[in-house]
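Please open the model in your viewer and keep the selection panel at hand. The tour below proceeds from one selection to the next.

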Amino acid sequence: MSTHLASIAMAGGAAALAWVATPAVAWHDEAHVYSSIAAVETLPDEVPAFFRDAAHDIAQGSIDPDAFKHPQTPQLNRAEGPEHYFDLEYLEGHALPPDRYAYLALLRELEVDPHSVGTLPYAIAEWAQRLTLAFAEVRADPDDAHARMKAIVYAGVLAHYAGDLTMPLHVSIHWDGRANPDGSSPRTGIHQKIDALPTHLPFDAFFAEPLPPLAEVAPDSDGLFGFIVESIDESRSHVDMAYELEDRLPDPRPLGIEDEEVIAFTVDRTRQAAWVIASLFLQCWEASAEIEPHWWLDRPAFREGFDRSIVPAQPTPPAGQ
């Protein structure tokens with residue numbers, strides 16, 4: 001149980017017990033939307049106002065990675081699935097490689113299917129770095145509407161994967177019941193119940209109190225990846241608690257929770273999601289200060305109103321390029 005779990009359990013429980021449940025459109029959306037809104041609202045003033053004002057747009061985008069998993073887009077569906085989980089046990093004690101392709105090479109060596117173990121850490125790192133590059137373009141040209149729009153879209157996708165990381169059963173081989181000796185899942189239904197927990201509570205049950213101070217993550221790739229690994233370890237520390245509560249978890253329908261320990265667990269995990277997301281957003285903004293956009297990017301030349309009858313002037317490369 002995390003250090004701030006006990007302190008929020010009473011407030012969260014009181015709010016939840018007083019809440020009258022109403023049906024939700026999609027049982028898995030609330031956790032991502034709530035944590036994304038709270039994350040953006042937590043950001044300090046150094047993060048640009050356009051981004052801090054986009055909490056609800058970013059929250060809408062946080063739903064998209066689940067929407068990508070659609071049976072009528074089979075190639076995307078197949079590629080998207082592993083981006084949402086990471087079963088560390090399959091690595092057999094090997095350190096997590098720093099990039100996706102070194103990781104895939106390790107899995108080949110271990111004779112492990114990437115769809116079995118998942119690629120979540122790399123989805124988070126890669127989308128964080130996309131956001132960092134978008135922020136770098138914002139710094140270079142604060143009036144660039146394209147860069148601002150891009151940052152908001154990338155942030156929504158990043159928020160989804162970071163939220164998935166904080167759900168303990170997304171980062172363990174014990175993802176839907178304690179795994180069988182051969183690694184297969186008994187499919188007890190616990191995963192769906194835990195994924196659905198935040199849908200039983202309103203936003204105010206989670207975020208009546210401010211989040212803890214955000215993580216101080218070094219503004220480089222090592223700092224980013226180290227924070228991701230630490231966050232996976234933190235999430236995995238809650239797997240046993242999830243199974244201690246298994247017999248007391250409510251079904252996804254009807255909505256509502258009465259068990260105070262289950263409420264505390266739900267509030268803790270959702271607040272942790274918001275804290276991780278906000279810490280990543282801040283790291284991306286700070287890291288962007290160290291990045292010079294590509295010299296050949298000449299977006300102003302192609303904005304609305306550019307002269308279609310002439311060849312645009314070409315940017316001048318720096319000396320030596």
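## Stop one: V117 and its surroundings

Select V117, which is buried because its relative accessible area is 0%; buried means under 20% relative accessible area, exposed over 50% and partly exposed in between, with a 1.4 Å probe and protein chains only. The model is a predicted one, in which local features need pLDDT of at least 70 and side-chain atom pairs count only at pLDDT 80 or more, while totals for chains, interfaces and linings use all residues. Residues are numbered from 1 along each chain as its sequence is written, and side-chain values use heavy atoms, with hydrogens and water left out.

V117 belongs to helix 8; helices here are DSSP runs of H or I with at least four residues, strands are runs of E with at least two, and both are numbered from the N terminus. Now display the residues around V117: apart from neighbours within four places in sequence, V117 is in contact with Y85, F86, D87, Y90, L91, Y103, L107 and V112, contact meaning heavy atoms within 4.5 Å. For a distance check, draw a line from V117 to T199: their C-alpha atoms are 27 Å apart, with the two positions 82 residues apart along the chain.

## Stop two: the loop between helix 6 and helix 7

Move next to H84, in the loop between helix 6 and helix 7. H84 counts as buried because its relative accessibility is 2%. Beyond its neighbours within four places in sequence, H84 is in contact with P65, D66, K69, L120, H160, Y161, D164 and H170.

E92 is found in the loop between helix 6 (74-80) and helix 7. Is E92 buried or exposed? E92 counts as exposed, because its relative accessibility is 58%. Check the backbone here as well: E92 has a positive phi of about 55 degrees although it is not a glycine.

For another example, select R187 in the loop between helix 10 and helix 11. R187 is a residue other than glycine with a positive phi, near 55 degrees, and at 58% relative accessibility R187 counts as exposed.

## Stop three: the largest pocket

Show the surface of the largest pocket, which has a volume of about 790 Å³. On a 1 Å grid over the protein atoms alone, a pocket is an open set of points with protein on both sides within 12 Å along at least five of seven lines, whereas a cavity is a set of points where a 1.4 Å probe fits but cannot get out; lining residues have an atom within 4 Å of a point. Grid points are joined across faces, edges and corners, and the volume is the space filled by probe spheres set on the points.

Which residues are the closest to the centre of the largest pocket? Of the 39 lining residues, these are H84, M167, H170, H191 and D195. The elements that give two or more residues to the lining are helix 2 (29-42), helix 8 (114-117), helix 10 (145-165), helix 11 (190-196) and helix 15 (260-288). Helix 15 gives the most, with five residues.

Colour the lining by class to see 13 nonpolar, 19 polar and seven charged residues. In this scheme Ala, Val, Leu, Ile, Met, Phe, Trp, Tyr, Cys and Pro count as nonpolar, Asp, Glu, Lys and Arg as charged, and the others, Gly among them, as polar.

## Stop four: the nonpolar cores

Select L43, F51, Y103, L131, L158 and F281, the residues with the most contacts inside the largest nonpolar core, which has 58 residues. A nonpolar core is a set of buried Ala, Val, Leu, Ile, Met, Phe, Trp, Tyr and Cys residues joined through side-chain atoms within 4.5 Å. Helix 9 gives the most to this core, with 11 residues.

Centre on L43: outside its neighbours within four places in sequence, L43 is in contact with F51, R52, L214, A278, F281 and L282. A second, separate core has 24 residues, including Y34, I190, M241 and I263.

## Stop five: helix 15 and helix 2

In helix 15, select T266, which is buried, with a relative accessible area of 2%. Setting aside neighbours within four places in sequence, T266 is in contact with L197, P198, L201, F206 and I257.

D268 also lies in helix 15 and counts as buried at 1% relative accessibility. The side chain of D268 makes a polar contact with the side chain of R269 at 3.1 Å; a polar contact is a pair of N or O atoms within 3.5 Å, where within protein one must be able to donate a hydrogen and the other to accept it, and residues adjacent in sequence count only if both atoms are side-chain atoms. The C-alpha atoms of D268 and F206 are separated by 8.0 Å.

Finish at A38 in helix 2, which counts as buried at 5% relative accessibility. Not counting residues up to four places away in sequence, A38 touches F203, F207, L211 and A274.
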